[in-house]
Amino acid sequence: MNNKVSKNFTPRPHVFKMLPSFKTPLLSLFILSLLLSPSAAVPTTTVGFTYSPAPNSPPPEHVVTALQSLKIPAVRLLNPSPTLVRAFSYSNISLLLTVPNYLVGSFASNRSAATLWVYNNVLPFHPRARISLISVGSDVITSPTSGGSDPSAAVVPAMQNLHRALNDLGIRTVSVSTTFSFINVITTAFPPSSAEFQEPVSSLIIRPVLQFLEETNSSLLVNVYPYNVYRLHGEIPVGFALFQEGPFNFRDDVVTAVRYHNLFDMMIDAVIAAMAVSGYENVPLIVTETGWPSDGSNYEHVNNGVRDAEESQLYAEMYLQGLVSHLKSGLGTPLRKEGVSEAYIYQLFDESETKQQSNLSSAQGEITGQYWGVMYTNMSMKYNINFDSADRNSRKLGVLVPSIHLLWLLSMLVLASSLS
């Protein structure tokens, strides 16, 4: 049997299925317990930025100063280097480092390669630079096979070797994980209660990764872009993707009777449900990338396909302000009251380049010159975003007070699942 994933792996198109089914009695009980659990005060999500220095971007030291003035508590470094990590020393900004995909294979086959990387990028700066987590690659399952080796098959061994290297050097406060893209691993976005991880990537990679994360008290890292799902499904109102309230900006999960008021929560709960199916529903979740492009993209949903730069920038600001306000509200999602522990906005500065977006389906092709940045190179903000905002009365979270009829329905579903 060929166990390779990345070479011939094609993400399955997302379908908004309307007739869900519970996979196991355990999942039924899990979702029922979540819906009936009492609401309690929970910490708000830590909101940070993804930062990858561009040729025309300011020096890292200036960037760190700007981030401190904005009171940004966390930064994800896509291409960490000793110079870049050093710039965050004594800044009290938490760092999530990403190991480049091309190093994953060497980490898996040679533990000394992982140790050398830690020597160069972590050990000289720990704990002065607050490195909290290291992602071994990003969306490795879509990386091309090179030299006869499949990088996706090397993910778990690479994570294990990096974890051992950190422990050998006495660094036990830095967690290890890897990053997946929602659109490449989840079977369906709606209803969330019917979501599962795609096969064969689920059995070959995701479940072993989740087992490692549970054993090491680490977190699952997922790129979540409502923008991508919105582009793929014309029936989704743009306001639903932008955290805007309106008469049609909601979707109901007919199984759980939860009304979702934004696409972000729906996607997060799809991941939570998929983890529950895999048997790892308690692993913490971190959103490593989310955002909305301000220019240079193909807006099929806007003005009959005609791009409008001002309107696209307006959409980006609406999404980011709605996202920050929602995450700071402490409301979480219907299936996870504490929500995601961290979320990183993609990204700090624009990157004007043509590249294959790993978090878009292959049918979308290349996107030319998309601008995802939230800050200009002169260090001024592109958008008016209040990072201290918190809308605790927000209706953007699907809220459910179960009735006796709903409890009866869910109990019947549990009973039927157990008898099937």
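Which residue in S4 is the bridge partner of Ser94? It's Arg130. Keep in mind that this is a predicted model.

That pair belongs to a bigger picture: a closed barrel of 8 strands, in the order S1-S2-S3-S4-S5-S6-S9-S10, with parallel pairing. On average, neighbouring strands of this sheet are turned by 25° against each other, direction ignored.

Here's how some of the strands pair up:

| Strands | Sense | Bridges |
|---|---|---|
| S1 (residues 46-51) and S2 (residues 74-77) | parallel | 3 bridges |
| S3 (residues 94-99) and S4 | parallel | 6 bridges |
| S4 and S5 (residues 175-181) | parallel | 4 bridges |

For individual positions, Tyr51 stands opposite Leu77 in S2, and Ser135 has Ser177 in S5 as its bridge partner.

Strand S4 covers residues 130-138, and 7 of its 9 residues are buried, so the rest of the structure largely encloses it.

Two helices sit against the sheet. Helix H8 (residues 201-216) packs on it, touching S5 and strand S6 (220-223), and its direction makes about 150° with that of S5. Helix H11 (residues 263-278) lies across S6 and S9, running at about 135° to S9.

Now take a look at Thr288, which you'll find in strand S9 (residues 285-290). Is Thr288 buried or exposed? Its relative accessible area is 0%, which means it counts as buried, since the cut-off is under 20%. The side chains of Thr288 and Asn223 are joined by a polar contact of 2.6 Å. Leaving aside residues up to four places away in sequence, Thr288 also touches others, including Thr50, Arg76, Leu96, Thr179 and Tyr344.

Conventions
Residues are numbered from 1 along each chain as its sequence is written. This is a predicted model: local features need pLDDT of at least 70, side-chain atom pairs count only at pLDDT 80 or more; totals for chains, interfaces and linings use all residues. Side-chain values use heavy atoms; hydrogens and water are left out. Buried means under 20% relative accessible area, exposed over 50%, partly exposed in between (1.4 Å probe, protein chains only). Two strands pair if DSSP finds at least two bridges between them. A polar contact is a pair of N or O atoms within 3.5 Å; within protein, one must be able to donate a hydrogen and the other to accept it, and residues adjacent in sequence count only if both atoms are side-chain atoms. Contact means heavy atoms within 4.5 Å. Axes are lines fitted to C-alpha atoms, for helices over the stretch in contact, and angles run from 0 to 180 degrees between N-to-C directions.
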